Amino acid sequence: MSDIPRTGNARFVVHGNSTDILRGSFAEFRHAGVPITIHPEIVGALADLAHDDDASLILAGGEAFEQLSAILQIAQPVCSGSIFLGVFDTTATATIASAMKAGVRGTVRLPMTPQRLRDVARLHPRTGPIERILTIGELTLDIPHRSLRWRDQALLLPAREFELLHQIIRAYPESVSIDTLALAFGSDLEDPHASVRVAMTKLRARLAAFAPAQALIETVRVAGYRLAS
């Protein structure tokens, strides 16, 4: 019996060419608890998702960058797991930023290894029913629609600001370190910590206009950020 903890991500469907994006055998990925299926064509990957909507999708084919919006529009309704973007060291920061804005959950550095995929799975665990609504007091986070509700008001959030708030609300009442947020935010950005700080400033300004009587996020010295009590 393997002593590797289950990550909750039952399987990864990958769009790409295995000779370019993979380091390790399929057996090694299975043994690491992150089994994968490779589809060179995006149509095959999407069809696979339709038959196993619990799987997570990794877009690692070059043409996926140009078709990203269309692919996400098709994939998101049928994919209960997360959707990730596979990136090389040469992938432009603007490409990653556009993908995150479009709704990609995070990035996976290519070529993939079992350990790298395990790290991704641990950051985005699937340990039970899929989170769709998180409610704390009068705040409700609607995950599929990337919106925040407070009393009778609703606020749609850009993808990156939503991801920050999602991580903070999930951790409540504990704080979330900037290192954790940087990893969730996109570890392949040139300076993810600076990107987190910029996005946090924008998020706080947006929340201040949305609920002016509430300081929804507070800074915890050294520890990071947390949802205000």
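Q: Which residues does I136 touch, not counting residues up to four places away in sequence?
A: In this predicted model, I136 touches I169, Y172 and L227. Each of these has heavy atoms within 4.5 Å of I136, which is what a contact requires. I136 itself belongs to strand β6 (residues 133–136).

Q: How far apart are the C-alpha atoms of I136 and P173?
A: They are separated by 9.8 Å, with the two positions 37 residues apart along the chain. P173 sits in the loop between α8 and α9.

Q: What is the omega value at the cis peptide bond that joins Y172 and P173?
A: Omega is about 10° there. A second cis bond joins L110 and P111, with omega at about 0°; P111 is in the loop between β5 (106–109) and α7 (114–123). For background, most peptide bonds are trans.

Q: Why is E161 called buried?
A: Its relative accessibility is 6%. The cut-off for buried is under 20%, so E161 qualifies.

Q: And why does R206 count as partly exposed?
A: R206 comes in at 31% relative accessibility. Partly exposed covers the range between 20% and 50%, so that is where R206 lands.

Q: What makes E161 and R206 a salt bridge?
A: Their closest N and O atoms are 2.7 Å apart, and the limit is 4 Å, so the pair passes. E161 is in helix α8 and R206 in helix α10, so this pair links parts of the chain 45 residues apart.

Q: How many salt bridges does the structure hold?
A: Five. Side chains of opposite charge can pair when their charged atoms come close.

Q: How do you know that the side chains of D48 and R11 meet in a salt bridge?
A: The N to O distance is 2.7 Å; set that against the 4 Å limit and the pair counts. D48 lies in helix α3 and R11 in the segment before β1 (12–15), so the pair ties together parts 37 residues apart in sequence.

Q: Are D48 and R11 buried or exposed?
A: Both are buried, meaning that each falls under 20% relative accessible area.

Q: What about R226 and E218: at what N to O distance do they meet?
A: At 2.5 Å, in another salt bridge. R226 is partly exposed, at 32% relative accessibility, and E218 is partly exposed as well, at 27%.

Q: How do you know that the buried residues of α3 line one face of the helix?
A: Start with the list for α3 (residues 42–51): I42, A45, L46, D48 and L49 are buried. Looking down the axis, these residues fall within an arc of 155°, so they line one face. On the other side of α3, V43, A50 and H51 are exposed. As a rule, an α-helix has 3.6 residues a turn, so residues three or four places apart point the same way.

Q: What puts the buried residues of α10 on the same side of that helix?
A: The buried ones in α10 are P192, V196, A199, M200, L203, L207 and F210. They cover an arc of only 115° around the axis, which puts them on the same side. T201 and A209 are exposed on the other side of α10.

Q: How does the span of α10 agree with what its 19 residues should give?
A: At 1.5 Å a residue the helix should span 27 Å, and the end C-alpha atoms are 26 Å apart, which agrees.

Q: Which residues have the most contacts inside the largest nonpolar core?
A: L148, L165, M200, L203 and I217, in a core of 28 residues. Helix α10 supplies the largest share, six residues. L148 touches, among others, L139, L165, L207 and F210. Apart from this core lies another of 20 residues, including V13, L59, V87 and V104.

Q: Which elements have the lowest and the highest mean pLDDT?
A: Helix α4 (residues 63–66) has the lowest, at 66, and β1 the highest, at 94. The chain averages 81, and 86% of the residues score at least 70. Over residues 1–9 the pLDDT is below 50, and this stretch has 17 contacts in the model beyond near neighbours in sequence.

Definitions and conventions. Residues are numbered from 1 along each chain as its sequence is written. This is a predicted model: local features need pLDDT of at least 70, side-chain atom pairs count only at pLDDT 80 or more; totals for chains, interfaces and linings use all residues. Side-chain values use heavy atoms; hydrogens and water are left out. Buried means under 20% relative accessible area, exposed over 50%, partly exposed in between (1.4 Å probe, protein chains only). Helices (H or I, at least four residues) and strands (E, at least two) are DSSP runs, numbered from the N terminus. The arc is that of the directions from the helix axis to the C-beta atoms. A nonpolar core is a set of buried Ala, Val, Leu, Ile, Met, Phe, Trp, Tyr and Cys residues joined through side-chain atoms within 4.5 Å. pLDDT is the predictor's confidence in each residue, from 0 to 100. The expected span of a helix is 1.5 Å times one less than its number of residues.
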